[in-house]
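Student: I have a model open and want to learn how to read one residue in it. Can you take me through it?

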Amino acid sequence: MSQPSAPPPLAPPPPTTPPPPQPTESVRVRCAGCRMILTVAPGLTEFACPTCRMPQMLPPELMPKADNTATPPPLPPTSAPALQPPSAPAHGIDPTKIQLPCASCKAILNVPHGLARFSCPQCHVDLAVDVSKVKQFFPVAPPPEEVNEVAVEVERDEDEGGMVGETFTDYRPPKVSIGPPHPDPVVETSSLSAVQPPEPTYDPKIKDDLESSKALSCLQIETLVYACQRHLQHLPNRYRAGFFIGDGAGVGKGRTIAGLIWENWHHRRRKALWVSVGSDLKFDARRDLDDVGATCIEVHPLNKLPYSKLDSKSVGVKEGVIFSTYNSLIASSEKGRTRLQQLVQWCGPGFDGLIIFDECHKAKNLVPESGSQPTRTGEAVLEIQDKLPEARVIYCSATGASEPRNMGYMVRLGLWGDGTSFADFREFLGALERGGVGALELVAMDMKARGMYLCRTLSYEGVEFEVIEAPLEDKMMEMYKKAAEFWAELRVELLSASAFLNDKPNSSQLWRLYWASHQRFFRHMCMSAKVPASVRLAKQALVEEKCVVIGLQSTGEARTEEAVTKYGSELDDFVSGPRELLLKFVEENYPLPEKPELLPGEDGVKELQRKRHSANPDVSLKGRVRKAAKWQPPSDVESDEESETDSAIESTDSDDEFQICEICTTEEERKKMLQCSCCGKLVHSTCLVPPIGDIIPEEWSCHLCKEKTDEYLQQRQAYITELQKRYDAALERKTKILEIIRSLDLPNNPLDDIIDQLGGPDKVAEMTGRRGMLVRATTGKGVTYQARNTKDVTMEMVNMHEKQLFMDGKKLVAIISEAGSAGVSLQADRRAANQKRRVHLTLELPWSADRAIQQFGRTHRSNQASAPEYRILFTNLGGERRFASIVAKRLESLGALTQGDRRAGPSLSAYNYDSAYGKRALVIMYKGIMEQDSLPVVPPGCSSDRPDTIQDFILQAKAALVSVGIVRDTVLGRLSGRIIDSDMHEVGRFLNRILGLPPDIQNGLFELFVSILDLLVRNARIEGNLDTGIVDLKANVIELQGTPKTVHVDEMTGASTVLFTFVLDRGITWELASTILNEKQKDGLGSSNDGFYESKREWLGRRHFILAFESSASGMYKIVRPPVGESNREMPLSELKSKYRKISSLEKAQSGWEEEYEVSSKQCMHGPNCKIGNFCTVGRRLQEVNVLGGLILPVWGAVEKALSKQARLSHRRLRVVRIETTVDTQRIVGLLVPNAAVETVLQGLAWVQEIDD
């Protein structure tokens, strides 16, 4: 804090300006130093703040007005204040002057600079300024700070944090020792492994069974113990607590669940509900129950049961497991009875048995992105938990929490709501989104520490990942170009066709469908482009005695079926998905004018006349309402009264009423008169010229009506001819477009193509959701459509049958789609005949990483003879990396949440474009192309010396963006237009749309986007606000200092939050440095530039010393510094030579090195006058590090608040670190609390709970 006599920055502002207070009441002011609100006793004008001890006085407007009030000295007040001579009214502090206390009355005076003698305006004593003592009253102006480049470098390096460490550690249950080891190596992320679960207190009833049968491994028994233990607790809202099994695909969740059902069965809880994704998985459920010895428990598939009461006599399901899919959960009968009601009724009111949500990521999107609706599945999962408060809930999924918003349905974990620091799920979500990926990692660790979450993954050891770029072949490149051009022309054609119809272009359904088809079309093209590469890789794998699994998302079934319906089941060649898609789009959505109705014949004329009249007597032909005129006989316009009587006659038809003839105006019986069928006039047949004889025609119309009808028919004929002309022209254009589509060279359906090229359905096992497929005829000419199942196999079992053929080695290639493969095991199982190594090709990455992980988990599972090889295929098209980008994003956060560390999934993060930085990069690029701003990088293929090349690129880019509808409202012929705000940040839309551009401009735009993105990320890293997840703190010596402080304890589980303080010694001694250099030179691997260097410039009278040696990347050098060891960042040779010079004399290097090593133990690189003082750690060899470990969520808010007040930007960010002591290798993962913030954080936590003082 400031010295008592240091002047405050400015006069403290009055909170309000009340009338000057009377000496009888106290005043409240804000302290000029620490800004606390102080209450000043009545009559007191000068005082010292009790908190920061700064002497100050009331501002002038709060001074008592009476002139002769005695001014007491500052607090604490002495006894009776002595009366003083009349004093001058006080003023606030004048920042332009020096503030000095009077030697006699202690009033603080504003003294102008340079004034040596004066008298005190309060007590009138003569005063002189003692210059030697004045210095302490104003802070020493720091010498102008020279920017120390080396310090900046070191600080940047420290802010990036330590090296991102190995991410997995081998897993053994830390506290449960029953059961045999797991058959395969299992790992846990190292951040999760730093957290200990609570002490196990539950004793399973089936323990002896399990020990003898060895049906469950120690891992599975550990899950069983913790789940049952957690189920004994209740949340603050009275619901029973739930458990989350987050084990990766293939660890054996199914068998663990079977064990849990069996354990609960022994406690007389005989009913259980098992909800999963596909009805095929009921066979696996049966198998798992048999494996644990629970053969007596029945499994009842819900979809085979009626909607009546399940425990009624007719259905008779009294106990056992009801197996339901998520789809069944939201189903209902025609009478409106729902499956959900049926299940709740079966469970009964006090139900305390198990409800298992298996593969529970299906219930996600309960809190969807803004604007969309929550899914019905999510709502059903929530409702059943709500209606059965005592149920023992298990959430179970390898990918359950890939996005924090997908945890909305996990209400039984108690992470938000009563008794937590988040009022509801939205608040919880907000905190996590602010905290970045590090926060997700902490949630996983928190759940494990509280005993509600376990997550182990099969070790990916032995698994090979390879990303293979499959460049487009020339033929495909040509096809792609033509297709891109065609779509651009089709857009223009549709624009003009809809403008011709006066439809508002761009707003209708048409464009939504257009862009959806556009995206699907080019995704298909990308997939087809990879067929040759995948066939080549598959054949190569088969030659190497391996077997192949090919994963894709869409089977193109809908297109194939449409084609078969249209052309019959025998075709010349496989159906081209893209072609059928285009044909369908144009056929159904090409805007045609309405087809004109042809003119009616003779009967039609009468019909037309009647229509004209009866439609509405008061409405004329042109649709205008007729004005009621006065009575005018020879006109076809009737008066209102007339038409009323008219209708009255028709309706009542009572006695023979008399009517007036419109020609001779005499009365006559109605029956004897003629009535015009069109206007309804009544006349005598004899009054007509020529008169009509005795035979009265049924349909008669007066002369005027006849005339009108003829005229109308002529006009209508002309109008219809014109319409017909337009319609024919539009139809012709449409037909022409369809012909062009049929003549386009487009690729076949990839699925059929691959099966065909790998030897047909006899050699390839297909596990997809489609019902039929096209097969090449035995003659080799033409293809026929046939059902996938044979006589012996039902359609429901066809995927199980194909899987068996593959596992038995009768087929060595399997193709899986998402629909057909959920939960299916295709690993090189030790129990299966086919134990060849699996090569898993992903032809198409799924839309979401959860699905990618699910797909990868088909071939990498427990009990396998060998680990699979993954080959992920991309084309060299910019936009295609888009799909990879989404998956990368999810894989990254999937690794994070579901395993407490985000590098746990395979790394595709280079492809993550849809991030906050991606959005910013996109805005910058769009503004550059629309010439609203300059581009920060030179576009690909351009040079900064030739501005015309950049201008050309911008023109091309703008034209390209117009053709894919990102730039809108363009005037034809002029490149004007705008990009609407919602498109500005839509990275997904940009990457989707550019797929529809010819490859060269597509790649150009994409490269421009990526180079801007790289620039932004690089800058963020330099500024220290890049979120890198968990960071390892490394040093030569790490010791725990003192005993850790407990700052919070969780009431329900007893888990605590602890503040650890470590001392790190990061220095490298001269001996160690010389050894490193000698080793390099001894191996003969060194370069001539390796050696000791000194900085060319001096800072604070000293030069900095470093050891540099060439790294594995040529031209880059690793840097070792005496105070901080090896730097994260490698330095290019040019930079090294510009900043440092090599030292030839080892003595000079040694003395310089040793001196820097010594000095750095006590001070940072900024020298003794550093702004942050003792708290600064830049380049300091001995460093104190504070880490909050244990439970973090309960104290999250307090920490976030404290950090937001920090001076240095990089200190305001929540950073998750991992640190391991060097002596006893104790590992702690937690939030790094900057030294300057420790006080504030502890003050903030004081409200949580006072535990140890």
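Student: Where does Lys 803 sit?

Tutor: Helices are DSSP runs of H or I, at least four residues, and strands are runs of E, at least two, numbered from the N terminus. Lys 803 lies in helix H21, residues 798-807. This is a predicted model: local features need pLDDT of at least 70, side-chain atom pairs count only at pLDDT 80 or more, and totals for chains, interfaces and linings use all residues. Residues are numbered from 1 along each chain as its sequence is written, and side-chain values use heavy atoms, leaving out hydrogens and water.

Student: Is Lys 803 buried or exposed?

Tutor: Buried means under 20% relative accessible area, with a 1.4 Å probe and protein chains only. Lys 803 is buried. In the whole protein, 51% of the 1253 residues count as buried.

Student: Which side chain of opposite charge is nearest to Lys 803?

Tutor: Lys and Arg count as positive, Asp and Glu as negative. A salt bridge puts a side-chain nitrogen of Lys or Arg within 4 Å of a carboxyl oxygen of Asp or Glu. For Lys 803 the nearest is Asp 284, 5.5 Å away, and Lys 803 has no salt bridge.

Student: What is Lys 803 in contact with, beyond four places in sequence?

Tutor: Contact means heavy atoms within 4.5 Å. Lys 803 touches Met 767, Val 824, Ser 825 and Leu 826.

Student: Which element has the lowest mean pLDDT?

Tutor: pLDDT is the predictor's confidence in each residue, from 0 to 100. Helix H18 (residues 640-652) has the lowest mean, 39, and helix H5 (residues 218-230) the highest, 95. Over residues 888-911, pLDDT stays under 50. Where pLDDT is low, do not read the predicted coordinates in detail.

Note on methods. Buried means under 20% relative accessible area, exposed over 50%, partly exposed in between (1.4 Å probe, protein chains only).
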